[in-house]
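Please look over the model shown here. The report below takes its side-chain contacts, its burial and its backbone turn by turn.

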Amino acid sequence: MHKLTQLHIDIARNATDDFNLFHDPMRWQCISGNPFQGTIALGFQLGLYVETQINQSAPAIEQRQYSVYEFTFVNPAKVGDELNLVLKRARVAQTEKGDQESQRLILKASGKTCLMGFYRQSDYQSITSSLLKYSKDQVSKKADRTLLDDGVFLKRKWMIVGNVKNYLLSAFADQAQYVDEFANKVRFPKFYPLSLMSSAMLERAQALDYDLTQNPMIYVSQNMCIDNQQLAQLKSNDCLNILVAPVETDPCHLTCAGWVNSEQPLFCAEVKLMPLSDMLKADD
């Protein structure tokens with residue numbers, strides 16, 4: 001087991017530019033109605049923990065072109081919690097598009113279920129997005145932090161090896177499995193580019209004048225699909241263009257896509273959020 005500390009949370013938020021106040025030890029009390037009585041781990045940080053724990057165990061699933069992570073968030077992980085990942089037996093589903101092998105997983109924080117869902121290896125991209133109407137060339141020509149039509153927001157990030165090494169530390173990972181300068185090895189974990197969606201979503205909220213202090217939101221679920229072939233080709237300082245947009249007119253349901261060097265997106269994702277006020281009403 002691994003015990004979560006504030007240092008782990010600070011490293012994760014600094015490595016990914018996630019400025020959500022839920023993780024800030026000096027300002028979490030500024031959140032209106034915050035019930036957590038302290039900081040909580042980043043949702044994507046927990047995803048990185050899941051990824052690296054799977055990689056450090058004996059592989060049970062054949063690697064395919066796409067990795068898929070489907071998470072439902074149940075309870076927060078807080079400072080002092082011990083993290084433990086439970087993986088179920090893998091199953092293969094055959095479809096017209098190709099095969100997909102899955103493992104059900106449960107992440108526990110001090111014995112309480114924190115998140116649950118599935119880890120999959122897929123022959124096909126399992127998530128579609130309205131953002132796929134855009135091309136890499138279209139996106140790369142726009143300025144950073146551009147708000148496009150229909151609430152589509154562009155955030156530009158870079159693959160920074162130093163940030164990756166720190167981010168791996170935040171999830172108790174063995175850095176040498178991913179980055180080793182003496183062996184000329186740089187292998188980005190899947191959850192580094194995926195995690196950069198967090199700052200893109202936060203900056204989009206600011207661009208739309210959304211008050212993150214008085215009306216904060218929490219994760220309900222994440223569904224993410226990333227191209228392993230493109231991931232393996234990423235280099236230091238590669239530019240990642242991320243688009244974020246609402247799914248239809250639901251401001252709590254967002255779709256994201258990120259492009260690096262290919263016309264095909266590196267990843268597609270859907271994220272569902274909930275206003276903290278709605279969670280508090282449900283608990284009453």
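Which residues are linked with Asp-10 in a network of salt bridges? The network holds Asp-10, Arg-13, Asp-24 and Arg-27. A salt bridge here is a side-chain nitrogen of Lys or Arg within 4 Å of a carboxyl oxygen of Asp or Glu.

This is a predicted model: local features need pLDDT of at least 70, side-chain atom pairs count only at pLDDT 80 or more, and totals for chains, interfaces and linings use all residues. Residues are numbered from 1 along each chain as its sequence is written, and side-chain values use heavy atoms, with hydrogens and water left out.

**Salt bridges**

A search of the whole structure finds 12 salt bridges. Three of them are listed here.

| Pair | Closest N to O distance |
|---|---|
| Arg-64 and Glu-62 | 3.7 Å |
| Glu-101 and Arg-64 | 3.9 Å |
| Lys-165 and Glu-181 | 2.9 Å |

Arg-64 bridges to Glu-62 and also to Glu-101. Glu-101 lies in strand E5 (residues 99–109), and Arg-64 in the loop between H2 and strand E2 (66–73), so their pair ties together parts that are 37 residues apart in sequence. Helices (H or I, at least four residues) and strands (E, at least two) are DSSP runs, numbered from the N terminus. Both Glu-101 and Arg-64 are buried. Buried means under 20% relative accessible area, exposed over 50%, and partly exposed in between (1.4 Å probe, protein chains only). Arg-64 has 14% relative accessibility.

The bridge of Lys-165 and Glu-181 also links distant parts of the chain. Lys-165 is in helix H4, Glu-181 is in the loop between E8 and E9, and 16 residues separate them. Lys-165 is partly exposed, at 26%. Glu-181 is exposed, at 53%.

**Helix H4 and its surroundings**

Which residues of H4 are buried? They are Val-161, Val-164, Tyr-167, Leu-168 and Ser-170. These residues cover an arc of only 165° around the axis, which puts them on the same side of H4. The arc is that of the directions from the helix axis to the C-beta atoms. The buried residues pack against helix H1 (6–16), H2, E8, strand E9 (185–186) and helix H5 (191–195).

Phe-172 follows H4 and has a positive phi, near 65°. Phe-172 is buried, with a relative accessible area of 18%.

**Aromatic rings**

A pair of aromatic rings is described by the distance of the centres and the angle of the planes. Rings of Phe, Tyr and Trp (its six-membered ring) pair if their centres lie within 6.5 Å; planes under 30 degrees apart count as stacked, over 60 as edge-to-face and the rest as tilted. The structure holds 10 aromatic pairs. One of them joins Tyr-49 and Phe-172 edge-to-face, at 6.1 Å centre to centre and 85° between the planes. Tyr-49 lies in helix H2 (residues 43–56) and Phe-172 in the loop between helix H4 (161–170) and strand E8 (179–180), so the pair ties together parts that are 123 residues apart in sequence. Tyr-49 is buried, at 2% relative accessible area.

Ring pairs also link Tyr-69, Phe-71, Tyr-119 and Phe-191 into a cluster.

Charges sit over rings too. The rule asks for NZ of Lys or CZ of Arg within 6 Å of the ring centre and within 35 degrees of the ring normal. Arg-120 lies over the face of Phe-118, at 4.4 Å from the ring centre. Arg-187 lies over the face of Tyr-178, at 4.6 Å from the ring centre.

**Cysteines**

How many disulfides are there? The count is 0, with a disulfide taken as a pair of cysteine sulfur atoms within 2.5 Å. For Cys-239, the nearest cysteine sulfur is that of Cys-256, 16 Å away. Cys-239 is partly exposed, at 22%. Cys-114 is buried, at 0%.

**Loops**

Most residues other than glycine have a negative phi, and most peptide bonds are trans. Asp-209 has a positive phi, near 60°. Asp-209 lies in the loop between helix H6 (197–207) and strand E10 (217–227) and is exposed, at 71%. Glu-248 has a positive phi too, near 60°. Glu-248 lies in the loop between strand E11 (239–247) and strand E12 (250–259) and is exposed, at 73%.

Notes:
Contact = heavy atoms within 4.5 Å.
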